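Thank you all for coming. I would like to walk through one structure with you, slowly, so please keep the sequence and the view open while I talk.

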Amino acid sequence: MTESNFYSRCQQNFSNSNPFLNLPNGRSYSYADLHHQSGRIANYLTQLGIRKGDRVIVQVEKSPQNLFWYFACMRAGFIYIPLNTAYLEHEIEYFIANASPSFALCDPSRRAIFENHARCKIGTLDGEGNFLDDNALADSFGHADFETGSAEDTDYGDFEDTFFENEACDASDIAVILYTSGTTGNPKGAMITHGNLLANAATLSTAWGWQSNDVLLHALPTFHIHGLFVATHLVVFNGSEMNFMTKFDPEQVVNWLPKSSVYMGVPTNYVRLLAHEGLNGDICANMRLFTSGSAPLLAQTFQDFEQRTGQTIVERYGMTETGMNTSNPLSGKRKPGTVGPALAGVETKICDDSGQQVSDGQAGTLYVKGANVFKGYWQMPDKTAEEFTEDGFFKTGDIASLDEDGYISIIGRDKDMIISGGLNVYPKEIESILDRLNGVTESAVIGVPHADFGEAVVAVIVRAPYLTKQGQLTETQIITEMKATIAGFKVPKQVHFVDSLPRNTMGKVQKNILRETYTS
Ligand code: AMP
């Protein structure tokens with residue numbers, strides 16, 4: 001077996017004395033910090049009886065300590081399951097039931113929710129990186145040891161506590177489960193293996209010419225593939241450094257760009273940066289690479305950014321299940337409105353509904369295959385089988401076309417999905433909650449173009465006829481109700497009321513008509 005533990009392979013490339021992560025408040029962490037703190041956490045979890053293949057579910061604010069926990073799980077062969085911090089009890093309950101975790105780490109404000117649903121040990125980690133646990137083992141380490149600080153003020157205590165021998169992992173061992181929702185049914189846990197992570201980190205490092213002295217400006221969430229895999233992994237895989245912002249803030253990005261060489265963002269980030277008057281070419285003098293992904297980047301944003309900064313954004317395309325599949329080139333033409341050619345080691349083909357490959361220039365569903373493609377959906381073999389072809393291609397559900405230079409354009413989705421601010425919203429999930437509201441007969445949820453978020457969530461609702469006008473639900477009531485039930489990014493920005501939904505002869509709601517009607 002080739003040793004494929006992602007962390008062990010990264011370890012070959014980093015030197016303990018090198019800087020790993022800098023915070024805006026001046027605190028810095030070295031690779032020694034990453035190694036010792038993750039070792040200590042791995043020891044702690046192992047002593048709780050957690051074993052290779054067990055799940056650790058995590059819903060915490062972004063912090064350096066969050067990453068130490070992530071790499072601790074990786075080192076010990078535990079399966080790490082990050083949850084979007086916006087998820088509320090209704091959503092968390094499902095993930096816990098589906099994943100049956102052996103340990104849950106949450107923000108202190110969520111402890112009661114996790115206690116309601118998780119039958120496992122629970123620890124809390126706040127946004128400042130303070131860890132608390134109510135069991136005795138944590139005390140034997142001393143809470144203070146988890147309150148890590150800069151390289152200078154971290155007390156590692158007894159070396160034995162921080163020494164941890166990484167678990168040997170096969171390329172097919174699961175490292176992370178990332179939940180993605182579906183157009184129908186419940187969210188699915190995409191099983192991402194150590195082999196997937198290695199393949200993608202190696203491919204992207206080469207494609208983007210990663211240098212060990214690169215400094216990444218990290219302003220993405222760490223519960224999503226973009227911030228966790230693409231951004232953090234490229235840094236750790238290459239033993240390089242990152243400037244770490246716990247939240248995207250255009251002002252801070254502008255301040256940090258002169259001290260960074262790479263920036264990765266979702267299109268909304270670029271739109272917001274362009275709205276900041278401090279953005280100009282001078283502050284980007286050290287920058288060698290800007291990348292965009294997770295949602296379509298408008299050609300206009302690409303051009304505006306180039307005009308303001310002299311930098312051309314490299315748009316790439318990927319998804320939770322596959323990691324990155326395509327990228328515009330580092331050298332060579334970066335074509336706005338395209339996501340570039342397939343990355344090395346990734347096979348792509350564009351097929352019609354019967355699975356036949358279409359000719360160049362024609363639209364069809366994009367299929368991908370390669371070491372980057374996930375192992376399947378957690379405990380859903382049927383769903384997994386449905387999404388793969390017999391010859392091992394994964395059906396992305398994205399509609400694409402290929403141009404004469406081999407560049408792919410993503411021109412739509414055959415899955416009913418909205419991308420708002422880089423985060424995916426599945427209408428089916430919102431519709432089933434709306435339909436359960438007293439006074440709602442039926443609903444349709446659509447995405448409409450939005451200058452800031454790319455797309456905005458809009459609900460179109462048929463109200464129950466038996467209610468008098470005064471007794472009927474209002475837009476405010478519906479939005480308030482939704483805010484209490486689901487993560488904020490999924491809550492409709494607007495609600496429209498109609499007498500009936502437009503349907504085709506098969507009875508299917510014609511969302512294209514609704515989109516046309518409400519786009520303005
Ligand atoms: P996620 O799994 O959250 O990363 O979302 C993946 C989905 O985001 C893909 O299936 C695409 O629909 C969309 N996506 C990601 N990158 C791009 C891009 N550069 N252009 C258009 N859509 C994208």
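Let me begin with the lining of the second largest pocket, which by class is made up of eleven nonpolar, 14 polar and four charged residues. I should say at once that this is a predicted model, so please hear every value that follows as a computed one. The pocket itself has a volume of about 710 Å³, and of the 29 residues that line this second largest pocket, the closest to its centre are L220, P221, F223, F248 and L423. If you want to find the helices that take part, look for helix 10, residues 225-237, and helix 12, residues 267-274, each of which supplies at least two residues of the lining. Helix 12 gives the most to that lining, with three residues.

From the pocket I would like to turn to the charged pairs, and the structure holds 14 salt bridges. Take E91 and K490, which form one of them, with the closest N and O atoms 2.6 Å apart. This pair links distant parts of the chain, since E91 sits in helix 4, residues 89-99, while K490 is in the loop between helix 16 (475-485) and strand 25 (494-498), 399 residues apart. Are these two partners buried or exposed? With buried meaning under 20% relative accessible area, E91 counts as buried because its relative accessibility is 4%, and K490 counts as buried as well because its value is 3%.

K490 has another partner to show you, for it also forms a salt bridge with E429, and here the closest N and O atoms are 2.9 Å apart. Again the pair links distant parts of the chain, with K490 in the loop between helix 16 and strand 25 and E429 in helix 15, residues 427-436, 61 residues apart. Put together, E91, E429 and K490 are linked in a network of salt bridges.

There is one further pair I would like you to see, where the side chains of D403 and K335 meet in a salt bridge at 2.7 Å, N to O. D403 lies in the loop between strand 19 (394-402) and strand 20 (408-413), and K335 in the loop between strand 15 (323-327) and strand 16 (346-351), so the pair ties together parts that are 68 residues apart in sequence. K335, at 13% relative accessibility, counts as buried.

The loop that carries K335 also holds T338, which is found between strand 15 and strand 16. T338 counts as buried, at 7% relative accessibility, and, if we do not count residues up to four places away in sequence, T338 touches E315, N328, Y407, I408 and S409.

Moving along to strand 16 itself, we find C351 there, and this residue is buried, with a relative accessible area of 1%. Which residues does C351 touch, not counting those up to four places away in sequence? They are Q356, Q357, V358, G364, T365 and Y367. You may also like to locate A400, which is 49 residues from C351 in sequence and 9.2 Å from it in space, C-alpha to C-alpha.

Now let us look at a whole helix, namely helix 3, residues 64-76, where 13 of the 13 residues are buried, so the helix is largely enclosed by the rest of the structure. Its length can be checked too, because at 1.5 Å a residue its 13 residues should span 18 Å, and its end C-alpha atoms are 19 Å apart, which agrees. Helix 3 is followed by G77, whose phi is positive, near 80°.

I will finish with two residues from other parts of the chain. S4 lies in the segment before helix 1, residues 6-11, and S4 is buried, with a relative accessible area of 6%. Leaving out residues up to four places away in sequence, S4 touches R9, C169, D170, A171, H194 and L198.

Y518, for its part, lies in helix 17, residues 511-518, and Y518 is buried, with a relative accessible area of 17%, which is under the 20% cut-off. Leaving aside its neighbours within four places in sequence, Y518 is in contact with I446, V448, V460, H496 and V498. Finally, Y518 and A459 are 59 residues apart in sequence and 9.9 Å apart in space, C-alpha to C-alpha.

Key:
Residues are numbered from 1 along each chain as its sequence is written. This is a predicted model: local features need pLDDT of at least 70, side-chain atom pairs count only at pLDDT 80 or more; totals for chains, interfaces and linings use all residues. Side-chain values use heavy atoms; hydrogens and water are left out. On a 1 Å grid over the protein atoms alone, a cavity is a set of points where a 1.4 Å probe fits but cannot get out, and a pocket is an open set with protein on both sides within 12 Å along at least five of seven lines; lining residues have an atom within 4 Å of a point. Grid points are joined across faces, edges and corners, and a volume is the space filled by probe spheres set on the points. Helices (H or I, at least four residues) and strands (E, at least two) are DSSP runs, numbered from the N terminus. Ala, Val, Leu, Ile, Met, Phe, Trp, Tyr, Cys and Pro count as nonpolar, Asp, Glu, Lys and Arg as charged, and the others, Gly among them, as polar. A salt bridge is a side-chain nitrogen of Lys or Arg within 4 Å of a carboxyl oxygen of Asp or Glu. Buried means under 20% relative accessible area, exposed over 50%, partly exposed in between (1.4 Å probe, protein chains only). Contact means heavy atoms within 4.5 Å. The expected span of a helix is 1.5 Å times one less than its number of residues.
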